[in-house]
Amino acid sequence: MRRRRVQEKKVISDPKFNSETVAKFINMVMVEGKKSLAEKMVYGSFEVIKKQANEEDVLKVFHKALDNARPRLEVKPRRVGGATYQVPIEVKQERGTSIALRWIRDFAKSKKGKSMKDKLADEIMAAYKGEGTAIKKRDDTHKMAEANKAFAHFRW
């Protein structure tokens, strides 16, 4: 092995829900180190979700949305001979969750016309219902992996 392993940083659970996943999401939404603003956005979106879904446990909705948006397969480019093949590989649970969080954040950010908390709430609710852009992105990723499964033997 050429490089040393990166030491994994422990994420401190968020104060309100005591959940590492929510803390990761807050850190992902945070811009220019303004954590209190990111917390207001995420917790505000959870309040909006609570009203929309008529669900008391917002964390359940959030985790279900993440699980729906999480990709199970992805493609990685591998050079073999002179050609580059898109090789399908399985995604580990933790990486899949961070990809899903990133997709939800990015697609919420790209929407126009509402406040960020409303956009986040909309994207999380769409993923919870199994629709929306994050789910479409997951399906596209799965389709790409399925189309390239002939190259699965290049996995190592």
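**Overall build and helix packing**

Of the 156 residues in the protein, 38% are buried. The model described here is a predicted one. There are 6 helices and 2 strands to keep track of, and walking along the sequence gives the pattern α-α-α-β-β-α-α-α. The C-alpha trace spans about 55 × 35 × 25 Å along its principal axes. Plenty of the contacts link distant parts of the chain: taking contacts between residues at least 6 apart in sequence, 60% of them join residues at least 24 apart.

Next comes the inside of the protein. In soluble globular proteins, nonpolar side chains tend to be buried together. Here, the largest nonpolar core is made of 32 residues. Val 22, Phe 25, Val 42, Phe 46, Ile 49, Phe 62 and Ile 124 are the residues with the most contacts inside this core. Two or more core residues come from each of helix 1 (20-29), helix 2 (35-53), helix 3 (58-69), helix 4 (93-110), helix 5 (116-129) and helix 6 (133-147). Helix 3 supplies the largest share, with 7 residues. Phe 25 gives a good look at how such a core residue sits among its partners. Setting aside residues up to four places away in sequence, Phe 25 touches Val 42, Phe 62, Leu 101, Ile 104, Arg 105, Leu 120 and Ile 124.

Helix 2 is worth a stroll from end to end. This helix has 19 residues, and the distance from its first C-alpha to its last is 26 Å, close to the 27 Å expected at 1.5 Å a residue. Its buried residues are Ala 38, Val 42, Tyr 43, Gly 44, Ser 45, Phe 46, Val 48 and Ile 49. An α-helix has 3.6 residues a turn, so residues three or four places apart point the same way. The buried residues of helix 2 pack against helix 1, helix 3 and helix 5. Just after helix 2 comes Asn 54, with a positive phi, near 50 degrees.

Helix 1 and helix 3 make a neat pair to compare. Their axes come within 11 Å and cross at roughly 70 degrees. Angles of 65 to 115 degrees count as roughly perpendicular, so helix 1 is roughly perpendicular to helix 3. On the helix 1 side, the residues involved are Thr 21, Val 22 and Phe 25, and they meet Leu 59, Phe 62, His 63 and Leu 66 in helix 3. Sorted by class, this contact has 5 nonpolar residues, 2 polar ones and no charged ones.

Two glutamates round off the picture. Glu 20 lies in helix 1. Its relative accessibility is 33%, so Glu 20 counts as partly exposed. Leaving out neighbours within four places in sequence, Glu 20 is in contact with Lys 10, Val 11 and Ser 13. The C-alpha atoms of Glu 20 and Val 48 are separated by 21 Å, and these residues are 28 residues apart along the chain. Glu 131, in turn, is found in the loop between helix 5 and helix 6. Glu 131 is partly exposed too, because its relative accessible area is 46%. Glu 131 and Ala 69 are 62 residues apart along the chain, yet their C-alpha atoms are separated by 9.1 Å.

Terms used: Residues are numbered from 1 along each chain as its sequence is written. This is a predicted model: local features need pLDDT of at least 70, side-chain atom pairs count only at pLDDT 80 or more; totals for chains, interfaces and linings use all residues. Side-chain values use heavy atoms; hydrogens and water are left out. A nonpolar core is a set of buried Ala, Val, Leu, Ile, Met, Phe, Trp, Tyr and Cys residues joined through side-chain atoms within 4.5 Å. Buried means under 20% relative accessible area, exposed over 50%, partly exposed in between (1.4 Å probe, protein chains only). Helices (H or I, at least four residues) and strands (E, at least two) are DSSP runs, numbered from the N terminus. Contact means heavy atoms within 4.5 Å. The expected span of a helix is 1.5 Å times one less than its number of residues. Axes are lines fitted to C-alpha atoms, for helices over the stretch in contact, and angles run from 0 to 180 degrees between N-to-C directions. Angles under 35 degrees count as roughly parallel, over 145 as roughly antiparallel, 65 to 115 as roughly perpendicular and the rest as oblique. Ala, Val, Leu, Ile, Met, Phe, Trp, Tyr, Cys and Pro count as nonpolar, Asp, Glu, Lys and Arg as charged, and the others, Gly among them, as polar.
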